[in-house]
Amino acid sequence: MSMAADSLDQRVGRIFESDRRNLASVRRRESLIFACLVACGMFSLAVTVAILVVLVTQTVNFFGFEEVTVGNFFGSIRWNPLLGAEKSFGIWALVSGTLMVTTIAMAIALPLGLITAVYLSEYAPSRVRSFLKPILEILAGIPTVVFGLFALTNNTPSLRLIDERFMIFNAMSGGIAVGILCLPTVCSLAEDALQAVPKTLREGAYGLGGTRFDAVMKVILPAALSGIVSAFLLAIARAVGETMVVAIACGNSPQVTYDPREQIQTMTGFMVQMATGDVSNYGIEYSSMYAVAGMLFLLTLSITMVGTVVRKRFREAYE
Amino acid sequence: MSVAPESTPSPESTPTPASVPASESVNRSDPGHPAGLLRQPGNRRPTGPRRSKDLYFHIVCIFVAAISIAVLSWLLFSVFRKGASWLTWDYVTSPPEPDPMTAGIFPAIWGTIAVCTLCALVTLPIGIATAILLEEFKPKTKFIAWLYGLIQLNISNLAGVPSVVYGILGLTAFVSMFGLFESDTPGQPAFELGGTSFQQYTSLSGRSIYFPVDSSSDGPPTLVDGAEAFQYSIGPDGRPIIDLGRLVPIQLNVLDPGDPYPSDQELKSRTVRHDDYGGRVHDRPWYYFRLPLGSGVLAGALTLMLVILPVVIIATQESLRGVPSTLRDGARGLGATPWQVVWNVTLPAATPGIMTGSILAMSRAIGETAPILIIAGVVYIRHVPQHFMDDFTVLPMQIYNWIDRPQEEFRNIAAAGILVLLAILLTFNAIAVLIRQLTQRPLS
């Protein structure tokens with residue numbers, strides 16, 4: 001850093017000493033650079049517009065096929081785009097698969113993540129915390145294929161040991177792996193939210209004779225609620241959009257079921273099946289991939305939007 | 001720490017008469033009771049419902065934290081146990097053979113390096129520029145302020161879009177480019193630059209003959225006697241040099257029906273049958289370019305750019321916010337223009353943070369599988385990518401490819417691939433942490 005600081009001084013000096021240029025050319029350069037920056041800034045907007053254009057046009061294209069009706073898409077629970085004479089495009093078969101995996105995952109990730117975060121933030125000795133926190137951040141970056149392999153070679157055999165009726169590919173195995181995948185994210189973000197609660201509040205709680213449990217339950221958690229809820233929502237959005245684990249471990253048969261021992265297919269799993277299979281680039285199956293992507297985009301976008309609103313609206317501003 | 005049941009308050013904790021009944025009654029329903037606040041000398045560890053509740057909760061916390069850590073450690077351990085014995089030098093340096101014993105990840109490693117380097121070169125300038133715009137050039141008009149708000153909201157929403165949706169976007173926008181560049185032959189580029197294509201025939205003596213064609217999407221050419229074709233040049237050791245860039249011209253001879261079968265060895269080596277259909281080969285240097293991009297390295301890099309752009313922007317914004325405003329004010333006071341402030345003061349001060357954020361974003365790009373899978377599909381690649389449009393595979397794709405097979409051995413080599421992937425990611429993380437540690441010095 002000392003090097004950077006030195007060069008900082010030198011650079012400031014250079015600005016000061018540099019021969020005075022023509023003011024007009026300086027202005028021209030400034031506005032040129034500003035225009036470049038604005039162009040880069042607009043790029044992210046262009047990405048969103050491109051996503052919307054692609055998804056909307058292809059979805060319209062999809063509904064243009066004779067076999068597809070809006071009523072069938074939103075009203076049926078049979079998703080059968082590939083096989084048989086009678087094709088059916090009931091999105092709920094895929095949505096229910098996604099919901100089941102997400103529910104299982106969140107049942108694991110949210111409680112474990114939140115309590116671990118409370119432990120790290122409020123109970124753990126500072127040495128334990130400074131050791132575990134970076135590890136959690138690294139674990140949050142583990143590629144998702146790793147969890148897929150774990151689900152297939154660890155969860156599934158264990159589950160089948162407990163109950164033989166678990167299929168080789170089942171919703172439970174993938175759901176557990178997605179939950180483990182989300183765990184470091186929930187934990188790290190919730191811990192950040194807890195740490196953001198000002199120290200004075202904690203001290204006030206202790207000063208009033210509260211135990212750590214009282215302080216956590218009555219002061220710190222309520223104060224950090226908006227951050228925790230947005231961490232939860234982020235984890236849910238991540239679980240909904242998780243692709244590789246469910247493609248590897250949950251199977252390929254879209255159906256509405258309440259039995260986590262069964263094979264299912266999620267929206268993301270279907271997209272992977274389409275992209276990796278031998279499907280022509282112009283057929284109805286290929287278009288259905290875009291319609292599913294559109295639904296997925298809408299779902300995650302609304303979760304993220306709710307998260308933004310929660311963070312803004314319900315933030316307890318201290319100090 | 002001693003665990004005292006609620007019903008039997010220890011005598012130590014009740015030194016004053018006032019708190020004897022209180023140890024039972026001080027609880028949530030009676031927070032105002034003064035006895036709860038009393039700390040008498042010698043009362044080292046008071047008990048009571050609130051205390052024991054705290055203790056139980058503490059134990060639950062430790063227990064749950066231990067479970068979380070144990071599960072994640074078990075995950076890493078089980079992968080390690082599966083893959084460690086398969087991880088050999090041969091594994092790292094050989095292509096993915098159909099036999100798991102000899103299969104390796106060499107093309108996948110080079111694919112990852114190529115795609116991610118290209119991705120970094122494209123993403124970092126755009127991402128950092130966007131962050132600078134939002135943080136350092138404050139809006140002057142209402143419209144621009146509204147635009148900034150829109151961009152900011154948009155970035156936080158883009159960060160939540162599943163990567164598989166970016167894969168779909170990449171498939172449409174980069175691989176097929178919205179179908180804008182249609183060619184006559186499906187699957188072939190409509191426009192290409194820098195590459196040479198040949199129709200490859202086998203001569204009567206078994207040597208390959210290369211007949212140049214105009215574009216890779218043209219049909220097979222018509223063969224005429226005396227046309228110029230090419231063959232591999234013969235090296236000093238008498239063997240042909242297998243390199244399409246170093247062909248030597250020959251005069252083509254076509255064996256039409258009724259022609260006498262040539263007996264001269266030299267003539268045989270440059271004679272093809274008139275009905276030889278041949279096959280298409282391409283000589284494509286590194287700068288070969290085509291539209292639409294197809295599922296090549298460049299399309300992969302651009303798709304990954306979509307995924308990590310929001311990450312880079314958010315990380316850069318955070319480190320720019322961390323630069324104390326006194327530095328900017330100082331530079332401005334010396335008469336620096338806004339861009340001079342950014343270039344000479346803010347950016348150098350924020351560089352460590354930007355580097356850390358960028359490295360972490362790149363490690364995300366290295367591990368992404370879904371978007372690459374969507375744009376490229378399951379492919380079998382044995383070679384290192386040669387040009388920007390070349391087919392490629394990346395490490396996580398190769399791993400997925402192996403996991404998806406039913407044989408146990410392939411899962412083992414997939415685990416070995418994961419170990420390599422994790423080693424790369426750990427190195428990246430370590431570099432990021434190192435930068436953070438070395439540069440942690442207050443600037444104000």
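In which helix of chain A is Met172(A) found? I looked this up before anything else, and Met172(A) sits in helix 7, residues 171-195 of chain A. I note here that the model is predicted.

**Entry: Met172(A)**

I asked next whether Met172(A) is buried or exposed. I counted 24 other C-beta atoms within 10 Å of Met172(A). A residue is buried when 20 or more lie within that distance, so Met172(A) counts as buried. I then listed what Met172(A) touches, leaving out residues up to four places away in sequence: Ile104(A), Leu159(A), Phe166(A), Pro260(A) and Arg261(A). I also checked Met172(A) against Arg28(A), and the two are 144 residues apart in sequence. From C-alpha to C-alpha, Met172(A) and Arg28(A) lie 62 Å apart in space.

**Entry: chain A as a whole**

I found 13 helices and two strands in chain A. The radius of gyration of chain A is 26 Å, while the globule rule gives 20 Å for 319 residues, so chain A is more spread out than a compact globule. Along the principal axes, the C-alpha atoms of chain A fill a box of roughly 80 × 65 × 35 Å. I read off that 47% of the 319 residues in chain A are buried. Of the contacts in chain A with a separation of 6 or more, I find that 72% are between residues 24 or more positions apart.

**Entry: chain B as a whole**

Chain B has 13 helices and nine strands. I noted that 40% of the 444 residues of chain B count as buried. For chain B, I looked at contacts between residues at least 6 apart in sequence, and 71% of them join residues at least 24 apart.

**Entry: where the chains meet**

How many residues of chain A are in contact with chain B? I have 73 residues of chain A in contact with 83 residues of chain B. On the side of chain A that touches chain B, helix 2 (residues 23-63) of chain A gives the most, with 17 residues. By class, I split this side of chain A into 50 nonpolar, 19 polar and four charged residues.

**Entry: nonpolar cores**

I looked up the largest nonpolar core, which has 196 residues. Val186(A) and Met271(A) have the most contacts inside this core. Helix 4 (residues 92-123) of chain A supplies the largest share of the core, 18 residues. A second core is separate and has eleven residues, among them Phe198(B), Leu252(B), Leu255(B) and Val272(B). I returned to Met271(A) for its partners, again leaving out residues up to four places away in sequence. In chain A, Met271(A) touches Met289(A), Val292(A) and Ala293(A). In chain B, Met271(A) touches Val164(B) and Ile374(B).

**Entry: helices of chain B**

I took one helix pair in chain B: helix 4 (residues 106-136) and helix 8 (residues 297-321). Their axes come within 6 Å and cross at roughly 35°. The crossing of helix 4 and helix 8 of chain B is right-handed. I sorted the residues of this contact by class and got 22 nonpolar, six polar and three charged.

I ended with helix 6 (residues 163-175) of chain B. I find 13 of its 13 residues buried, so helix 6 of chain B is largely enclosed by the rest of the structure. Just after helix 6 of chain B comes Met177(B), with a positive phi of about 50°.

Technical notes. Residues numbered from 1 in each chain as written. Chains lettered and ligands numbered in written order. Predicted model: local features only at pLDDT ≥ 70, side-chain atom pairs only at ≥ 80, totals over all residues. Contact = placed C-beta atoms within 7 Å. Helix = DSSP H or I, 4+ residues; strand = E, 2+ residues; numbered from the N terminus. Nonpolar A, V, L, I, M, F, W, Y, C, P; charged D, E, K, R; others polar. Rg over C-alpha atoms; globule rule 2.2 N^0.38 Å. Buried ≥ 20, exposed ≤ 12 C-beta atoms within 10 Å, placed from the backbone. Core = buried A, V, L, I, M, F, W, Y, C linked by C-beta atoms within 7 Å. Axes fitted to C-alpha atoms, helices over the stretch in contact; angles between N-to-C directions. Left-handed = near helix turned anticlockwise from the far one by under 90°.
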